[in-house]
Amino acid sequence: MQLASVHFTMEKGSLKRAIISTYQTVLVVALVAISWAQNTNEDDTLLRYRLAEENEPQQVLGNIPMDAGLDTKYGSAVLQDLRFSFLSTTSSKFMDYFTIGEQNGLLQAAVSIDRDELCPHQSTCDIPLDISVQPGQYFQIIKVIVSIEDLNDMSPTFPENPVERVLSEASVPGASLTIPAAEDPDSPQYNIKRYQQITGQDTFELKVTNNSDGTVDIQLVLKQVLDRETKDFYQVEVVATDGEKSGTATVEITIRDVNDNNPRYDKYI
Ligand SMILES: [Ca+2]
Ligand SMILES: [Ca+2]
Ligand SMILES: [Ca+2]
């Protein structure tokens with residue numbers, strides 16, 4: 001079942017209901033096979049939906065009674081009596097994001113979801129929801145996982161811009177200035193791929209160090225001896241790109257004087 005950009009998979013339940021193309025059937029069978037081994041409670045049904053972030057509010061994810069196979073399990077009279085609600089004990093954190101139709105069991109997004117705020121930097125963003133089916137004689141819990149899919153909607157941004165630094169005129173080649181790394185809350189696939197220096201290459205060289213803890217050190221390394229009397233200010237632009245979007249920091253480097261010139265007297269007093 002596909003609804004706009006929402007994708008649905010039933011991980012347990014009747015395969016006979018999978019009235020879809022041959023290719024999709026194979027895919028569903030594979031997913032069912034994987035989840036079956038993980039699901040020890042035969043009474044639980046696990047439904048998975050995928051929703052692209054920044055969705056339209058009210059976007060429909062699925063019809064819970066149909067997707068869970070209740071429409072084949074019960075007659076229409078019972079179906080009309082069924083009531084659906086979130087189990088507040090397990091779904092409370094995310095109940096503001098979704099709605100469940102009490103009578104029709106329609107699962108919808110309540111708001112536009114910003115994955116980059118909900119799960120910044122995460123490779124997966126799975127939201128668990130437990131839906132209870134009432135009344136008591138038909139009670140069951142339908143477990144739902146909504147995977148929020150990422151869009152590359154965030155550009156790398158430098159936390160400091162312009163980056164103002166002071167460098168002593170006495171600095172020797174190899175001296176370095178550290179600038180804060182750019183940030184991008186998208187998932188790893190849409191995160192920062194590289195840094196590039198686009199100006200000031202004659203005097204400074206960009207050095208990017210990827211640390212084992214996942215952080216990145218960005219430095220500008222001095223390439224030549226400075227002479228403040230010749231030039232006392234440099235501007236270097238550094239670009240961070242995620243492959244599609246980019247952000248630029250302007251590094252403004254002021255050269256601090258070292259009194260290396262003897263006083264010059266134009267005339268003796
Ligand atoms: Ca977003
Ligand atoms: Ca995003
Ligand atoms: Ca991005």
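**Close-up views of a predicted single-chain model**

Among contacts in the chain between residues at least 6 apart in sequence, 67% join residues at least 24 apart. The model is predicted. The chain has six helices and 16 strands, and 24% of its 269 residues are buried.

**View 1. The largest nonpolar core of the chain.** This core has 22 residues, and those with the most contacts inside it are Leu51, Ile64, Ile131, Ile142, Val144 and Val146. At least two core residues come from each of the strands β3 (45-52), β6 (98-100), β7 (106-109), β8 (126-134) and β9 (140-149). Once neighbours within four places in sequence are set aside, the contacts of Val144 are Leu47, Tyr49, Leu107, Leu129 and Ile131.

**View 2. Another nonpolar core, apart from the one in View 1.** The core shown here has 18 residues, among them Ile179, Ala182, Phe204 and Ile218. Two of the residues named, Ile179 and Ile218, are also bridge partners, with Ile218 in β14.

**View 3. An open sheet of three strands in the order β11-β14-β13.** The pairing in this sheet is antiparallel. Strands β11 (176-179) and β13 (204-210) each have a single partner strand and stand at the edges, so one side of each has no neighbour in the sheet. From one strand to the next, the twist averages 30 degrees. Between β11 and β14 (residues 216-222) there are four bridges, and the two strands run antiparallel. Strands of a sheet pair through backbone hydrogen bonds, either parallel or antiparallel.

**View 4. Two cis peptide bonds, one before Pro135 and one before Pro162.** Most peptide bonds are trans. The bond that joins Gln134 and Pro135 is cis, with omega about 0 degrees. Pro135 is placed in the loop between β8 and β9. From Asn161 to Pro162 the peptide bond is also cis, and its omega is near 5 degrees. The loop that holds Pro162 lies between β9 and β10 (163-168).

**View 5. Positive phi at Glu54 and at His121.** Most residues other than glycine have a negative phi. Glu54, which is not a glycine, has a positive phi of about 60 degrees. This residue sits in the loop between β3 and β4 (60-63). Glu54 counts as partly exposed because it has 14 C-beta neighbours inside 10 Å. His121, likewise a residue other than glycine, has a positive phi near 70 degrees. The loop between α6 (115-118) and β8 contains His121. With 13 C-beta neighbours inside 10 Å, His121 is therefore classed as partly exposed.

**View 6. Confidence along the chain, from helix α1 to strand β15.** The average pLDDT of the chain is 85, and 80% of the residues score at least 70. Confidence is lowest in helix α1 (residues 22-38), where the mean is 35. Strand β15 (residues 233-241) has the highest confidence, at 98. Over residues 1-5 the pLDDT stays under 50, and the model has nine contacts beyond four places in sequence for them. Residues 12-42 also have pLDDT below 50, and this stretch has 26 contacts in the model beyond near neighbours in sequence.

Terms used
Residues are numbered from 1 along each chain as its sequence is written. Chains are lettered from A and ligands numbered from 1 in the order in which they are written. This is a predicted model: local features need pLDDT of at least 70, side-chain atom pairs count only at pLDDT 80 or more; totals for chains, interfaces and linings use all residues. A nonpolar core is a set of buried Ala, Val, Leu, Ile, Met, Phe, Trp, Tyr and Cys residues joined through C-beta atoms within 7 Å. A residue is buried if 20 or more other C-beta atoms lie within 10 Å of its own, exposed if 12 or fewer, and partly exposed in between; C-beta atoms are placed from the backbone. Two residues are in contact if their C-beta atoms, placed from the backbone, lie within 7 Å. Two strands pair if DSSP finds at least two bridges between them. Axes are lines fitted to C-alpha atoms, for helices over the stretch in contact, and angles run from 0 to 180 degrees between N-to-C directions. pLDDT is the predictor's confidence in each residue, from 0 to 100.
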